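Grab your viewer and a scratch pad. Let's work through a few exercises on the chain below, one step at a time.

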Amino acid sequence: MNRTVKWPLTAAVIACASMPTLALATNGYFSHGWGTKSKAMAGVATALPQDTLVTATNPAGMAFVGTSLDVGLAFFSPSPRGYQANNDFSVDAASGFPSGPFITPGRYDSEGDWFLIPSFGFNYELDERSTIGFAVFGNGGMNTDYRDRPVWENFAAAPNQLAIGSGMTPPPGTIASPGGLLFTQTNPPMPVTDPNMPPPPNGNNANPGGFLTATGSTGVNLEQLFIEIPYTYKFAGGKQSLGIAPVFAMQSIEVKGLQPFRAASLYPDKVSNNGTDWSYGAGLHLGWYGEINDQLAFGMSYRTKMWMSEFDDYKGLFANAGEFDIPAMLNIGVAFKARPDLTLAFDYERIFYGEVPSISNSNDNDISPCFTSNPKPAFCLGGNDGLGFGWDSMDVFKVGVRYDHDEKLSLMGGVSYNSEFASGRQALLNVMAPATIRWHLTLGASYRFTEKDEFAIAFSYMPEEELSGTSPSITQAQTGSIYMEQMDIQIGWNHRF
């Protein structure tokens, strides 16, 4: 390898080893694009290779970016995001007490407003027909942190709360519900916890030691890091290329505030508040790119499912004892040069969330049999058919435009739209991951300062989307909605050798 390309390659490898937290959730939990220019055009890249991060969409595109290096840094804000719980939970007609679990009415806004997300790519021309490269990027992720109060605080009585029949007198202004919770004598009754109250007598407390009590904050932090090593080969007179890339991934997760769901799990100790757990795996990315003539190009790619090791510390939460594979992805694209200075591009993307049980399994099931003693049914948490987030496979449509003002300056823009990720009856459990975004509106520009160095910037705005509904199997008649809005600013540097 030429000595002039060794130093940036070494620097990029070292930098990749220290990449910070990733936190994306745009097309489900996939990014809307990879590479600064692609993100400025709503993520189109399948038939429009512009830099080395094209491999994240279509590895065959690396055959047309030369020997080059890319470094990008995104400032990402998935805020506001959270859950609105409505004041319409079920009430027992005779007593006036809530007849089942409910979420305290109000708005729950997740903390954590900004994240830094780096990306790297490098490509080397082996000869006139073939190239080899690598890229490091964040495929996606989910992050929520409801710090003010646990979302599911009312789902299990704390050990220091009175229960009906205990013979004790509640403090002034409170009453005890049939489920063992205390409620203020207001309209509607609101839950309270008195740390000075003695515990109910033995046999009257279904939560000894507070094992099922939601304490602290509620949230999830899923981080994913990908390393892709593409090899490409040109044919048809250098107008077409095939690309193949092994893809290696590692992901980590931490879940907090789900203690009440331990009672419905096959592995109660492996549901919540177990710190950070890690998972590793790999897959394969295949692609084709072809220039039909000087104006028209097509591309197609398919990345297989990423087969990942299980999250052992959360095998009581995710289906198949902690299985959390990363779904397959299909891209089909076309690019058309309407004028020498104007390029239009369109991508269709299919993300196969429906093939990953932990993501796609419904949570709109009657899980009352799961609150019994073992053996528990397979649809309980952690089982082969265990509850999931209820996500559907997603279709994404992207349109981008690039105007080359001159040899140095290019202006870009785009818009994308994706299908809904889940139905309203799946909304409640998705408090952990309110991936409601549907539209992406993007702008950007690139400027070539020298013959070898180019800088680019991309701005993406994702308007707030809301998903409303009920979760009858969990909170009966209570309604609510999850919501999210996003903004992403990325800067990038490209160096050609």
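What follows is four exercises, each with a worked solution.

Before you start: this is a predicted model, where local features need pLDDT of at least 70, side-chain atom pairs count only at pLDDT 80 or more, and totals for chains, interfaces and linings use all residues. Residues are numbered from 1 along each chain as its sequence is written, and side-chain values use heavy atoms, with hydrogens and water left out.

**Exercise 1. Take stock of the whole chain.**

Step 1: count the elements. You should get 5 helices and 22 strands, taken as DSSP runs numbered from the N terminus (helices are H or I, at least four residues; strands are E, at least two).

Step 2: check burial. Of the 497 residues, 55% are buried; that label means under 20% relative accessible area, with exposed over 50% and partly exposed in between (1.4 Å probe, protein chains only).

Step 3: look at the surface. About 19400 Å² is exposed, and carbon and sulfur atoms supply 58% of it (Shrake-Rupley method with a 1.4 Å probe; for residues, only the protein chains shown count as cover).

Step 4: sort the contacts (heavy atoms within 4.5 Å). Among those with a separation of 6 or more, 73% join residues 24 or more positions apart.

**Exercise 2. Dissect the largest nonpolar core.**

Step 1: apply the criterion, a set of buried Ala, Val, Leu, Ile, Met, Phe, Trp, Tyr and Cys residues joined through side-chain atoms within 4.5 Å.

Step 2: find the hubs. The largest core has 61 residues, and Tyr29, Ile103, Trp152 and Trp391 touch the most other members.

Step 3: ask which strand gives the most to this core. That's strand 12, with 4 residues.

Step 4: zoom in on Trp152. Its contacts beyond four places in sequence include Ile103, Phe261, Leu428 and Met432.

Step 5: don't miss the second, separate core of 9 residues, which includes Ala40, Leu48, Ala345 and Met412.

**Exercise 3. Is Ile482 buried or exposed, and what does Ile482 touch?**

Step 1: locate Ile482 in strand 22 (residues 479-496).

Step 2: read off its accessibility. Ile482 counts as buried because its relative accessibility is 0%.

Step 3: list neighbors past four places in sequence; among them are Tyr83, Phe421, Pro434 and Glu466.

Step 4: take a C-alpha distance. Gln84 is 398 residues away along the chain, yet 6.4 Å separates the two C-alpha atoms.

**Exercise 4. Repeat the drill for Thr36.**

Step 1: Thr36 sits in helix 2 (residues 36-40).

Step 2: its relative accessible area is 7%, so Thr36 is buried.

Step 3: beyond four places in sequence, Thr36 touches residues including Asp51, Ile457 and Gln490.
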